[in-house]
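Work through the exercises below with the model open. Try each task before reading its solution.

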Amino acid sequence: MSEKTAASRGSEPIIFLDDICVTFKTRTGSLFKPNLVHAVNHVTLKLMPGETIGIVGESGCGKSTTANVMCGLQSPTSGKVFFKGVDVTKRTAEERRQIGRVVSVVFQDPSTALNPRMIVHDQLLDPLLVHEVGSPEEREKRIRELVSLVGLPKSALNVLPGQLSGGQRQRVAIARAMSLNPDAIIADEPTSALDVSVRAQILNLLTDLKRDLGLSMMFISHDIQTVRYISDRIVVMNGGQIVEEGPAAQVFNEPKDPYTKMLLGAAPSLLHPKLGESA
Ligand SMILES: Nc1ncnc2c1ncn2[C@@H]1O[C@H](COP(=O)(O)OP(=O)(O)OP(=O)(O)O)[C@@H](O)[C@H]1O
Ligand SMILES: [Mg+2]
């Protein structure tokens, strides 16, 4: 534990993507000359301890592919991936387990992350069992901590995900992502499948968690206004490449790339209309 704290205070990135490319073969093209999609093109990115990075860009620009490389779901075609200084590009099964303890993902649609036939209690127990965390009593204690951490009532433990509202389901998915005390959370459009009325609550929950627990966070959105208030740094992607990055205020106040200017010109966020107007 002390090792973890020491490492997280150091200047070593939690995640370091070093010149990553991801290429997909499409179904079009011929067998010997398939057409290729360059989903991610020479992306270099460091996520530092306690830092929140917002990745923005329009649909298809490679945000999710970058996120999947960051959490180990997708192998890069070229380039290297480091977790806390360890090269995990060609990872073994054991390294994959370790990755699961360093970074967790929260997806757009909580239903995909949860098993519809398992009550919430068992969904939260599952990662603790897989990683052999604590004794049975300690695991029950951790489950109770997790529900209160994400602001769910204890009664939610005994129901199926389908019996909860969309916002509550996303809270369960966040609790599950938090269960192993990760160093970083990657949230890929965590609010865009939710009703507008609960989006701000989920954003606030994620912001509170990162502040209170000193988490690093990678927050992905196609809407630059959504990431504006929670990001320390903003990375703008277009066509698989990073076209601009910098401190959030700088990217908003003095955008350099024409694409960033175009994104900023788009409709202001529904979540922060007042702040949007004053800018
Ligand atoms: N498994 C795959 N096979 C083939 N092409 C893929 C695959 N996954 C993604 N792509 C392509 O790679 C590009 C980047 O996709 P990606 O999902 O990373 O974009 P995104 O920025 O997350 O978009 P969105 O905002 O719609 O979620 C797209 O052109 C997409 O069609
Ligand atoms: Mg995506």
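**Exercise 1. A residue in a strand**

In which strand is Pro34 found? Classify its exposure, then list its contacts and its separation from Gly60.

Solution. The model is a predicted one.
- Step 1: Pro34 belongs to strand β2.
- Step 2: The relative accessibility of Pro34 is 25%. Buried means under 20%, and exposed means over 50%. Pro34 is therefore partly exposed.
- Step 3: Leave out residues up to four places away in sequence. Pro34 then touches Lys25, Thr28 and Gly29.
- Step 4: Pro34 and Gly60 are 26 residues apart along the chain, and 19 Å separates their C-alpha atoms.

**Exercise 2. The shell around the ligand**

Which residues surround ligand 1? Sort them by character, find the polar contacts, and say which elements contribute.

Solution.
- Step 1: The shell consists of Phe24, Val37, Ala39, Glu58, Ser59, Gly60, Cys61, Gly62, Lys63, Ser64, Thr65 and Glu189.
- Step 2: By character, the shell holds four nonpolar, five polar and three charged residues.
- Step 3: Look for N and O atoms beside the oxygen atoms of ligand 1. In the side chain of Ser59, an N or O atom is 2.5 Å from a ligand 1 oxygen. Thr65 places a polar side-chain atom 2.5 Å from an oxygen atom of ligand 1. Gly60 uses its backbone: an N or O atom there lies 2.7 Å from an oxygen atom of ligand 1.
- Step 4: On its own, ligand 1 has 630 Å² of accessible area, and the protein covers 60% of that.
- Step 5: Two elements, β2 (34-47) and α2 (63-70), each give two or more residues to the shell. With three residues, α2 gives the most.

**Exercise 3. Positive phi outside glycine**

What is the sign of phi at Asp19? Do the same for His42, and place both residues.

Solution.
- Step 1: Asp19 is not a glycine, yet its phi is positive, at about 55°.
- Step 2: Asp19 sits in strand β1, residues 15-29.
- Step 3: With 34% relative accessibility, Asp19 is partly exposed.
- Step 4: His42, also a residue other than glycine, has a positive phi near 55°. Its strand is β2.

**Exercise 4. A serine in β8**

Is Ser221 buried or exposed? Locate it, then trace its polar contact and its neighbours.

Solution.
- Step 1: Strand β8 (residues 216-221) contains Ser221.
- Step 2: The relative accessible area of Ser221 is 5%, so this residue is buried.
- Step 3: A polar atom of the Ser221 side chain lies 2.9 Å from the backbone nitrogen of Asp223.
- Step 4: Set aside neighbours within four places in sequence. Ser221 is then in contact with Ile55, Val56, Gly57, Lys63, Glu189, Thr226 and Val227.
- Step 5: Compare with Exercise 2. Lys63 and Glu189 also appear among the residues around ligand 1.

**Exercise 5. Helix α7**

How many residues of α7 are buried? Check the span of the helix and find what its buried residues pack against.

Solution.
- Step 1: Helix α7 covers residues 166-178, 13 in number. From first C-alpha to last it reaches 18 Å, close to the 18 Å expected at 1.5 Å a residue.
- Step 2: Of its 13 residues, 10 are buried, and α7 is mostly covered.
- Step 3: The buried residues are Gly167, Arg169, Gln170, Arg171, Val172, Ala173, Ile174, Ala175, Ala177 and Met178.
- Step 4: In α7, the buried residues pack against β6 (103-106), α4 (110-113), α5 (120-130), α6 (136-149), β7 (184-188) and α8 (196-213).

Conventions
Residues are numbered from 1 along each chain as its sequence is written. Chains are lettered from A and ligands numbered from 1 in the order in which they are written. This is a predicted model: local features need pLDDT of at least 70, side-chain atom pairs count only at pLDDT 80 or more; totals for chains, interfaces and linings use all residues. Side-chain values use heavy atoms; hydrogens and water are left out. A residue is near a molecule or strand if one of its heavy atoms lies within 4 Å of it. A polar contact is a pair of N or O atoms within 3.5 Å; within protein, one must be able to donate a hydrogen and the other to accept it, and residues adjacent in sequence count only if both atoms are side-chain atoms. Accessible areas come from the Shrake-Rupley method with a 1.4 Å probe; for residues, only the protein chains shown count as cover. Helices (H or I, at least four residues) and strands (E, at least two) are DSSP runs, numbered from the N terminus. Ala, Val, Leu, Ile, Met, Phe, Trp, Tyr, Cys and Pro count as nonpolar, Asp, Glu, Lys and Arg as charged, and the others, Gly among them, as polar. Buried means under 20% relative accessible area, exposed over 50%, partly exposed in between (1.4 Å probe, protein chains only). Contact means heavy atoms within 4.5 Å. The expected span of a helix is 1.5 Å times one less than its number of residues.
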